[in-house]
Amino acid sequence: MSTANIYATPRVVTDLAECQFYHTMDIPGYGVVQGQWDLRHCVDSYLGHVCFTGKRVLDVGCASGFLSLHMERQGAEVVSYDLSENHPWDIVPFAKTDYRQLIEERKNDIRKLNNSYWLNHRAHQSHARVVYGTVYAMPSQIGPVDISVFGNILLHLRDPFLALYNALRLTRSTVIVTDVLSRRDYYKSLFGLLRRPTQRFMPDFRSGKPDDCFWILTPEAIIQFLGVLGFEETVLTYRGQPFRGGPARSFTVVGRRTAGTPEV
Ligand SMILES: C[S@@+](CC[C@H](N)C(=O)[O-])C[C@H]1O[C@@H](n2cnc3c(N)ncnc32)[C@H](O)[C@@H]1O
């Protein structure tokens, strides 16, 4: 295995104006900063009530770092993983739009998102380490982890199964996947009426929207993906949580490894 340093050098960021916060967070010296998602009161259920003490954890799509910091506080050694401005977001390639331009424009948002992580990291004196890249090229030098976390990222990915495959080949025991459902699917799923493993394509060529989301994945689809990858024992839970001022309906699947071993 190559010993190349895969970890990002921490960035000194002190100006909130240089940041874009995905998570609402209480940051020492800055107070409460508003993000799109406020997980402060539901983080344990969002993460499926998994115990992080003494575990090595890979936080895939760490955004502003709220989950990374939470897991570190619970006693985990955290590797935070995300895009940097040098890695393209999976923008939906609508032929009628200049999607390459959108990829370029998104770089500035990603830089500011990364900045929000570093401001938070420094203010909390976090020891979490960061690796930048896409989910499609996760370096094996990350080494084995006990737990992988996929919080609300799979819906954004062109190839969610490949993303899971890439992280789970590093993962010894547990995977946590959280994703969102429409109101209709949420209630259908809650009452056991959404049994088929379905991956529904979200982009609509008529409206040209959305341009940064690909899939509505049902809990059963996640359970099947995880089972194929050796995580056959799963627990599914549901919750409503605050998102941009309204409730979002989401679910969490925690999978435990029952077959295979990490490849690193
Ligand atoms: C919706 S946010 C979720 C943040 C956090 N995991 C949570 O649950 O609150 C999605 C995150 O995934 C990252 N992301 C999106 N596409 C990615 C890709 N292709 N490779 C790696 N990270 C990606 C984004 O930059 C962002 O930080």
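**Figure 1. Gln125 in a loop of the predicted model.** In this predicted model, Gln125 is exposed, with a relative accessible area of 66%, a value that lies above the limit of over 50% used for the word exposed. The residue belongs to the loop that joins helix H3 (99–123) to strand S5 (129–132). Its backbone also deserves attention, for phi of Gln125 is near 50°, which is a positive value in a residue other than glycine. Most residues other than glycine have a negative phi.

**Figure 2. Ala63 in the loop after strand S3.** A positive phi in a residue other than glycine is found in Ala63 too, where the angle is near 50°. The loop that holds Ala63 runs between strand S3 (56–60) and helix H2 (66–73). Is Ala63 buried or exposed? With a relative accessibility of 9%, Ala63 counts as buried, because the term applies to values under 20%.

**Figure 3. The peptide bond between Lys209 and Pro210.** Here the close-up turns to a peptide bond, the one that leads from Lys209 to Pro210, which is cis and has an omega near -15°. Most peptide bonds are trans. Pro210 itself is found in the loop between strand S8 (199–201) and strand S9 (215–217).

**Figure 4. The ligand and the residues around it.** The ligand sits in the largest pocket of the model, and 19 residues surround it, the closest being His23, Tyr46, Gly61, Asp82 and Gly151. Which kinds of atoms of the ligand lie beside Tyr46, Val135 and Gly151? For Tyr46, a polar atom of the side chain lies 2.5 Å from an oxygen atom of the ligand. For Gly151, the atom concerned belongs to the backbone, where an N or O atom lies 2.8 Å from a nitrogen atom of the ligand. For Val135, a backbone N or O atom likewise lies 3.0 Å from a nitrogen atom of the ligand. On its own the ligand has 600 Å² of accessible area, and the protein covers 98% of this.

**Figure 5. Two buried residues of helix H4.** Helix H4 (residues 160–168) contains Asn166, and Ala163 also has its place in this helix. Asn166 is buried, with a relative accessible area of 8%, and a polar atom of its side chain lies 3.5 Å from the backbone oxygen of Tyr136. Ala163 is buried as well, at a relative accessible area of 0%. Although 28 residues separate Ala163 from Val135 in the sequence, their C-alpha atoms are 5.2 Å apart in space. Val135 is a residue that the previous view also shows, with a backbone N or O atom 3.0 Å from a nitrogen atom of the ligand.

**Figure 6. Three buried residues and their partners from elsewhere in the sequence.** This view follows pairs of residues that stand apart in the sequence, with each distance in space taken from C-alpha to C-alpha. Arg56 has its place in strand S3 and counts as buried at 14% relative accessibility; it is 89 residues from Val145 in sequence, yet the two are 5.0 Å apart in space. Asn115, which lies in helix H3, counts as buried at 5% relative accessibility, and its partner Gln20 is 95 residues away in sequence but 7.4 Å away in space. Val43 is found in helix H1 (residues 43–46) and counts as buried at 8% relative accessibility, while 27 residues in sequence and 8.2 Å in space lie between Val43 and His70.

**Figure 7. The buried face of helix H6.** Which residues of helix H6 (residues 219–228) are buried? They are Pro219, Ala221, Ile222, Phe225 and Leu226. Seen down the axis of H6, these buried residues fall within an arc of 160°, so they line one face of the helix. An α-helix has 3.6 residues a turn, so residues three or four places apart point the same way. Following H6 in the chain is Gly230, whose phi is positive, near 100°.

Methods: Residues numbered from 1 in each chain as written. Predicted model: local features only at pLDDT ≥ 70, side-chain atom pairs only at ≥ 80, totals over all residues. Heavy atoms only, no water. Buried < 20%, exposed > 50% of the residue type's maximum accessible area, 1.4 Å probe, protein only. Helix = DSSP H or I, 4+ residues; strand = E, 2+ residues; numbered from the N terminus. Arc of directions from axis to C-beta. Near = heavy atom within 4 Å. Polar contact = N/O pair within 3.5 Å; in protein donor to acceptor, adjacent residues only side chain to side chain. Areas by Shrake-Rupley, 256 points an atom, 1.4 Å probe, with all protein chains shown as cover. 1 Å grid on protein atoms, 1.4 Å probe; cavity = no way out; pocket = protein on both sides within 12 Å on 5 of 7 lines; lining within 4 Å. Sits in = over half its atoms within 2 Å of the grid points.
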